[in-house]
Amino acid sequence: MLYNTKSYGLFKAPCNNLGVQIVLSMEEKIYLDNAATTKVMTEVSEAAAYAMTEVYGNPSSLHHMGIDAERLIAYSKKQIMSALGVSQEQGEIIFTSGATEGNNTAIFGITETYGKRKKRVVTTTVEHPSVEKAFDRLESAGFEVVRVSPDENGEITAEALVGTVDENTCLISAMLVNNENGYILPIGEAFQKIKKRYPDCFTHCDCVQGFEKIPVSEKKLFADIITLSGHKIHAPKGIGAMFIRKGVRLSPLMVGGGQQKGVRSGTEPVPMIYAFGKAVEILNTDLSERSAHTSEINAYAREKLPETGAVILSKESASPYILSLAVPNVRSETMLHFLEERNIFVSSGSACSKGKTSDVPTEFRVAQEYLDSIIRLSFSFETNRSDIDALKEAMSDGMKNLAKIRK
Ligand code: PMP
């Protein structure tokens with residue numbers, strides 16, 4: 001054996017020998033940006049290292065090393081299927097580079113195969129850019145795109161989604177949990193009704209912010225395609241997966257060696273896939289305890305943070321993992337950097353847009369006065385009350401000192 005895999009644990013990897021300067025090293029930090037990405041669990045990074053250094057065959061190779069690599073992929077598929085409550089008879093798991101690729105593959109894959117005559121497609125106005133922009137492109141290509149907005153209460157009802165679908169609708173794509181405020185859309189109820197009335201309309205759900213956080217079951221979602229991402233659940237960045245119901249034919253985004261049933265050509269990234277499977281296995285064993293812990297943290301934050309003058313924006317019924325709030329009279333970015341100086345890491349709205357303002361809060365009817373003061377906290381099973389206490393103290397200071405310099 002060349003490597004002792006244990007010595008390749010998360011923080012022992014020789015990053016600095018590679019000449020990369022890391023801004024923040026091992027200092028104590030309070031990380032409240034888990035909807036942007038999560039820390040890879042040690043067991044998960046060890047699984048990746050094991051696959052890289054021990055089981056490094058190409059899964060398409062016919063010899064034993066290929067078969068072993070294939071077994072790691074099979075293990076991960078099994079974990080994801082079990083977490084979604086699906087069997088092999090019901091569909092396939094296809095691995096992607098992440099949810100951006102998964103969402104693009106679902107949307108373009110369906111419309112290319114089934115959208116020649118059915119030119120109507122439906123989505124919402126609160127989707128992640130990887131869905132939003134795919135629909136913009138469909139619109140440019142001549143599709144009739146219907147975008148459902150939240151109503152005056154900031155809700156998207158199942159009726160509103162169902163009501164937009166007709167016999168000419170090829171696809172409806174909607175997220176389960178909004179990444180900016182944790183709002184949970186009534187996907188199961190809507191998709192069930194849609195499939196009953198229009199069995200030929202394909203249903204796609206971006207479950208990135210729901211998977212391994214709130215219960216996500218294929219049976220309850222009635223989705224033909226489900227998109228998942230590894231790095232939101234303590235697996236590495238660069239790996240995602242899709243559940244594709246049996247019989248659904250997706251035109252691939254890329255052509256090549258025909259791996260993964262031709263839906264996603266390219267040699268499978270076995271270490272990433274194995275790591276993803278490991279994360280799912282670990283999280284799935286005590287999903288409800290982790291959720292209960294996160295709900296408790298969320299409730300604590302909802303109780304304590306308004307004492308600083310902050311205004312909670314996320315609905316009580318939102319995912320416990322995401323809490324959106326406004327820090328009145330302070331710009332989001334100003335507060336973000338103020339907190340960062342105290343080693344507390346949060347996000348201003350959604351991290352995906354890197355400074356670009358999102359329309360999603362306006363869509364959710366957030367009051368105009370709060371729009372440039374939104375902070376997103378997102379928790380993990382590692383977040384604890386002392387993190388919220390430290391955040392509260394820092395936010396209080398921030399509210400006192402920063403409000404003055406705003407104008
Ligand atoms: N959908 C949602 C709801 C997300 O939050 C994200 C990540 N911000 C994505 C899709 C894209 O995921 P990935 O980074 O894996 O491409």
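Begin by selecting Lys-195, which sits in helix α6 (residues 187-197). The model on screen is a predicted one. Display the side chain of Lys-195 together with the backbone that follows the helix. One contact runs from this side chain to the backbone oxygen of Pro-199, at 3.3 Å. A polar atom of the Lys-195 side chain also lies 2.9 Å from the backbone oxygen of Cys-201.

**The ligand site**

Next, select the ligand and the residues around it. The shell consists of 15 residues, and the closest are Thr-100, Asp-206, Gln-209, Ser-229 and Lys-232. By character, the shell residues comprise four nonpolar, nine polar and two charged. Colour the shell by secondary structure: helix α3 (residues 99-114) supplies its largest share, three residues.

Three side chains deserve individual selection here. Show Asp-206, where a polar side-chain atom is placed 2.6 Å from a nitrogen atom of the ligand. Then turn to Gln-209, whose side chain has an N or O atom 2.8 Å from an oxygen atom of the ligand. Finally add His-128; an N or O atom of its side chain is 3.4 Å from a ligand nitrogen atom. With a surface displayed, consider how much of the ligand the protein covers. On its own the ligand has 400 Å² of accessible area, and 90% of that is covered by the protein.

**Strands β3 and β4**

Now move to strand β3 (residues 120-124) and strand β4 (residues 144-148), which are paired in the parallel sense through five bridges. To see the register, select Arg-120 and its bridge partner in β4, Glu-144. Trace the chain from β3 onward: it passes through helix α4 (residues 129-140) before reaching β4, forming a right-handed β-α-β crossover.

**Strands β2 and β8**

Select strand β2 (residues 91-96) next. Is this strand mostly covered or mostly exposed? Five of the six residues of β2 are buried, so that the strand is mostly covered, where buried means under 20% relative accessible area. Adding strand β8 (residues 240-245) reveals an antiparallel pairing with β2 over six bridges. Within this pair, Ile-93 is opposite Phe-243 of β8.

**The three-stranded sheet**

Proceed to the open sheet of three strands, ordered β9-β10-β12 with antiparallel pairing. Why does one side of β9 and of β12 lack a neighbour in the sheet? Both β9 (311-312) and β12 (374-378) are at the edges and have a single partner strand each, so one side of each remains without a neighbour there. Strands of a sheet pair through backbone hydrogen bonds, so the backbone is the part to display at this stop. Between β9 and strand β10 (residues 322-326), the antiparallel pairing consists of two bridges. Select Val-311 to find its bridge partner in β10, Ala-326.

**Two residues with positive phi**

The last stops are in loops. Most residues other than glycine have a negative phi. Asn-329 has a positive phi, near 70°, although it is not glycine. Asn-329 belongs to the loop between β10 and α10 (332-341). Its relative accessibility is 43%, and Asn-329 therefore counts as partly exposed.

End with Arg-365, in the loop that lies between α11 (360-363) and β12. Arg-365 is another residue other than glycine with a positive phi, near 70°. With a relative accessible area of 47%, Arg-365 is partly exposed.

Note on methods
Residues are numbered from 1 along each chain as its sequence is written. This is a predicted model: local features need pLDDT of at least 70, side-chain atom pairs count only at pLDDT 80 or more; totals for chains, interfaces and linings use all residues. Side-chain values use heavy atoms; hydrogens and water are left out. A residue is near a molecule or strand if one of its heavy atoms lies within 4 Å of it. A polar contact is a pair of N or O atoms within 3.5 Å; within protein, one must be able to donate a hydrogen and the other to accept it, and residues adjacent in sequence count only if both atoms are side-chain atoms. Accessible areas come from the Shrake-Rupley method with a 1.4 Å probe; for residues, only the protein chains shown count as cover. Helices (H or I, at least four residues) and strands (E, at least two) are DSSP runs, numbered from the N terminus. Ala, Val, Leu, Ile, Met, Phe, Trp, Tyr, Cys and Pro count as nonpolar, Asp, Glu, Lys and Arg as charged, and the others, Gly among them, as polar. Two strands pair if DSSP finds at least two bridges between them. A crossover is right-handed if, with the strands pointing away from the viewer, the path from the first strand over the helix to the second runs clockwise. Buried means under 20% relative accessible area, exposed over 50%, partly exposed in between (1.4 Å probe, protein chains only).
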